[in-house]
Amino acid sequence: MPVVLVERRPERHASACEHVGTDHGYGARLAVRHLLDAGRRRIALVMRGGTPTAPWIKEGYDAAVAEAGPEVSGHALFLDLAEHDAGEAAYERAVDAFIEGVRAGRIDAALVHPDHEAVVLSQRLRSASLSVPGDVALVSYDDEVASLADLPLSAVAPSKHEVGVTGVELLVRRLREPGRPRRRIAILPELRVRASSET
């Protein structure tokens, strides 16, 4: 039976399964480059590490800060919210560590995944009398609700419609041409710059 994975990668590299998805590593690098261009050098990654896209976002972030050199990579910070919810001790510790990092000047920008966590961080920063983007610039990842925040958030936006359409096209072609070479397609996301990271 023909199978095309959408936004999921085959577990085994030897699998012949076709795949279409977003190049999330590229998206993370795009966000970090944007923040670097805005003059930010202490860029954190805050995310729920258990999401299916998290490993690729982390990989892209790590590569981008490494390429930027020791002035940036030496200040890299990864905060994993894991599966904790607001109000839980582990979640509150991570958010408090982020806010204290901003207050102390150890963090001046962050890539945050997913969107709703970026919205929460923006609200918490405001409650702590810290400003976005003045004290810290934020870029969220997903762009599902980022534009609806009180302060519209810059966001990396995967082209979910294009991923879905391409997945169906791959499947239809597989049914029509069973012997054709198998494909794995990565679609590049785009960065939508809004008030949270504008200088």
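## D150 and its salt bridge

At 66% relative accessibility, D150 counts as exposed (the class exposed means over 50% relative accessible area, buried means under 20%, and partly exposed lies in between, with a 1.4 Å probe and protein chains only). D150 forms a salt bridge with R126, and the closest N and O atoms of the two are 3.3 Å apart. The term salt bridge stands for a side-chain nitrogen of Lys or Arg within 4 Å of a carboxyl oxygen of Asp or Glu.

R126 belongs to helix α5 (residues 115-127), while D150 is placed in the loop between β6 (137-141) and β7 (154-157), so the salt bridge ties together parts that are 24 residues apart in sequence. R126 itself is partly exposed, with a relative accessible area of 45%.

## Basis of the model

The model is predicted; local features need pLDDT of at least 70, side-chain atom pairs count only at pLDDT 80 or more, and totals for chains, interfaces and linings use all residues. Residues are numbered from 1 along each chain as its sequence is written, and side-chain values use heavy atoms, with hydrogens and water left out.

## Further salt bridges

A search of the whole structure yields 13 salt bridges. One of them joins E71 and R41, with 4.0 Å between the closest N and O atoms. This pair links distant parts of the chain: E71 is in helix α3 (residues 70-73) and R41 is in the loop between α1 (24-37) and β3 (43-47), 30 residues apart. E71 is exposed at a relative accessible area of 52%, whereas R41 is partly exposed at 25%.

Another salt bridge connects the side chains of E177 and R173, at 3.6 Å from N to O. E177 is partly exposed, with 36% relative accessibility, and R173 is also partly exposed, with a relative accessible area of 32%. In addition, salt bridges that share partners join D143, E190, R192 and R194 into one network.

## Aromatic rings

How many aromatic pairs does the structure hold? The number is zero. Such a pair requires rings of Phe, Tyr or Trp (its six-membered ring) with centres within 6.5 Å; planes under 30 degrees apart count as stacked, over 60 as edge-to-face and the rest as tilted.

An aromatic ring does, however, take part in a contact with a charge. The charged end of K58 sits over the ring of F78, 4.9 Å from the ring centre. For this description, NZ of Lys or CZ of Arg must be within 6 Å of the ring centre and within 35 degrees of the ring normal.

## A buried residue in a loop

T53 is located in the loop between β3 and α2 (54-67). Is T53 buried or exposed? T53 is buried, because its relative accessible area is 14%. When residues up to four places away in sequence are not counted, T53 touches H24 and H113; contact means heavy atoms within 4.5 Å.

## The chain as a whole

The chain has six helices and nine strands, which are DSSP runs numbered from the N terminus (helices: H or I, at least four residues; strands: E, at least two). Of its 199 residues, 46% count as buried. Among contacts with a separation of 6 or more, 73% are between residues 24 or more positions apart.

The radius of gyration of the chain is 18 Å, which agrees with the value near 16 Å for a compact globule of 199 residues. This radius is taken over C-alpha atoms, and the globule rule is 2.2 Å times the number of residues to the power 0.38. Along the principal axes, the C-alpha atoms fill a box of roughly 60 × 35 × 30 Å.
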